[in-house]
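Colleague: I am new to this structure and would like a close look at a single part of it. Could you take one residue, place it for me, and then turn to the contact between the chains?

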Amino acid sequence: MLEIRNLHVTVEGREILNGIDLTIHPGETHAIMGPNGSGKSTLANVIAGREGYVVTEGEIRFDGKNLLEMDPETRACEGLFLAFQYPVEIPGVANLYFLKAAVNATRKYRGESSVDAMDFWDLVHERMELVKMDESMLKRSVNEGFSGGEKKRNEVFQMAVLQPRFAVLDETDSGLDIDALKVVADGVNALRNSERGFLVITHYQRLLDYIVPDHVHVLFNGRIVRSGGKELALELEEQGYALYNEEPGRARRAAA
Amino acid sequence: MTAAAPLFSDPYRPAFADFVANRREPDAIARLRREAFDRFEALGWPTRQQEAWRLTDLSALQTLALQPPADALVDAGTLPTLDGPTHRLVFVNGRFAPGLSHVRELPDRALIASLGQALMTHPERIEPHLDRLPGLEQHPFAALNTAFWEDGAVVHLPRGTVIEEPIHLVFYAAAGDMRLHPRLLVVLEDAAQATVVVEYRGAGRALNAPLAELDLGAGALLHYHQIQEEAPQAFHLGAIRVRQDRASEANLHLISVGGQLARTDLAVLLDGEGASCSLNGLTLARDQQYGDYHVRVEHAQPRGTSEQRFKSVLDGKARSVFDGMIYVCPGAQKTDARQTSRNLLLSRQAQAHSNPRLEILADDVKCGHGSTTGFLDPDAEFYLRARGIPAAQARALLVHAFANDNLNQIRLTPLRERLARLLADRLALDITEG
């Protein structure tokens, strides 16, 4: 459902990604691991359509459609979701209002009428339980004054309400204690099914104990230097990224 | 000789002579008018060489041959209303329109009336208060108002009187190039309470130069709202004087969306211990609109609190000015005075000027000010768009949130909801969606 071909991306003239190839099929969960500065978040932001990232070569296709031609809202309406590494605080916009506006924007895009108020309320309540969110958070402004854990839970909650077909989780584990991590992972796992794809981006193996991926890729210096099964994450946990750092030549050979 | 202030008072001099010749009113009032007119002539038309008028460009106004107000009819349907029971006075071209007005039954000695009529029927209730408050002595249009006011509203509540229903004062300027000088006098004696909503509307290229005087006795409580929604060609040069006695509380909400040039000068004197005022201003401007608040809050007695919160949202080539002074007199210890000015620019050509000023002559006080001007947060916009919300709607949501923060301070629900809708309409935003 997501095909990335030879993707080259520059930020402020500096090449961050230099030739990414990645294919994710429906129902698959892929993990991308890599040290700081390897280009993990750049990949997430390019998929979501954030400004300031220039694709100089290559393409991304989502269900065969050219993703890079779409603005961010169209990507979301097509079923793409990014769980932000740093969720933004939006004072004055209530969480519930924001969610309803988002749901209705997607429905409008599909030519459907606005969501029924009662149906929406039921859906929201059901999904709130999934991430153990308190109802009071619905009335609060989006992410305003939320703790790090609450923000990440709110991302997964939004994902649960919007029910995207493909989700990118950008370091959703960062800043979470083990209990919050489990809640977030349970929320994600509950959404996994044979139709939905996930790309889980993380620095640490820890998250992958709870969200067990089908495939693991190592991103280093803007390239995928190695791919493997879930056991690759454990190997990285033991050996660290130093292997790639010290001997990039060997790393490339390993990827070949 | 350099080009000094143009002799703009020239057309006013014969007009003033005509005006006073036809008034029948107490000598004390006629004397006030003559003194004020002399003051206006001495001050002259403001020029941009004067610091207080440096950013206010009145040249477009000066080219107009403004006429004294004339009678006009207005379709009642074009006038704003407030849901729920109100006391309502309507003025068309500055003149009282009894057919469009109604005052409900009032407690003993409470007065809500046309100022012109009250001056005839209850001069003893008016004369001791009219033009008695200090402040804005150097403001030419305040002087001009005292010289030329024809009518306006008076609210005079005796000690302890509480009026629950909002007092809705509507000033409508019909089409035509007119100069209007409506007057407002609000006197709340000790522990009296009132909620006043003043709305300025119009269809013409008028100069509307109102003067409001708000006098609060000890422990009095006033919620005062001023909504300026005049025609796009209109000029608004308003002035407000406030004096507060001990432990009184004044909450002022000043909303400005209309006019090509709208400026309000506001002088608050906290003249009794523990008085508090909250000044909440919002300007929405687009195209070539200019919106300006000049504010001075003077703490003359100890333990006063004041808060100035002014915001503007500027699109197109719009400009806003906020000039806010906190002045703390010697001896006004334990003063707590705050001021914030926040401006949101929606276009690269829009400009916000913010000029916070503090003069503190007491040593045991808390005073703070902050000023920010910026564009919409691109991260917030991206966050909303990444959830499927179209760019235009995302921006409108963020602007609405910025401005609605000020509207949420308004406790009068029907007014707050109407203004939230006005804001949403201007942003083409459906706020019922949530």
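Modeller: Helices (H or I, at least four residues) and strands (E, at least two) are DSSP runs, numbered from the N terminus. This is a predicted model, in which local features need pLDDT of at least 70, side-chain atom pairs count only at pLDDT 80 or more, and totals for chains, interfaces and linings use all residues. Residues are numbered from 1 along each chain as its sequence is written, while chains are lettered from A and ligands numbered from 1 in the order in which they are written.

The residue I have chosen, B:Arg286, sits in the loop that joins strand 15 (276-285) to strand 16 (290-299) of chain B. B:Arg286 counts as partly exposed because it has 17 C-beta neighbours inside 10 Å, where 20 or more would make a residue buried and 12 or fewer exposed, with C-beta atoms placed from the backbone. Apart from neighbours within four places in sequence, B:Arg286 is in contact (C-beta atoms, placed from the backbone, within 7 Å) with B:Asp315, B:Gly316 and B:Ala318. Between the C-alpha atoms of B:Arg286 and B:Ala209, which are 77 residues apart along the chain, the separation is 22 Å.

Turning to the contact between the chains, 26 residues come from chain A and 18 residues from chain B. On the side of chain A that touches chain B, two or more residues each come from helix 2 (72-77), strand 7 (90-94), helix 3 (95-109) and helix 6 (148-162) of chain A, and helix 3 of chain A gives the largest share, nine residues.

Note on methods:
Contact = placed C-beta atoms within 7 Å.
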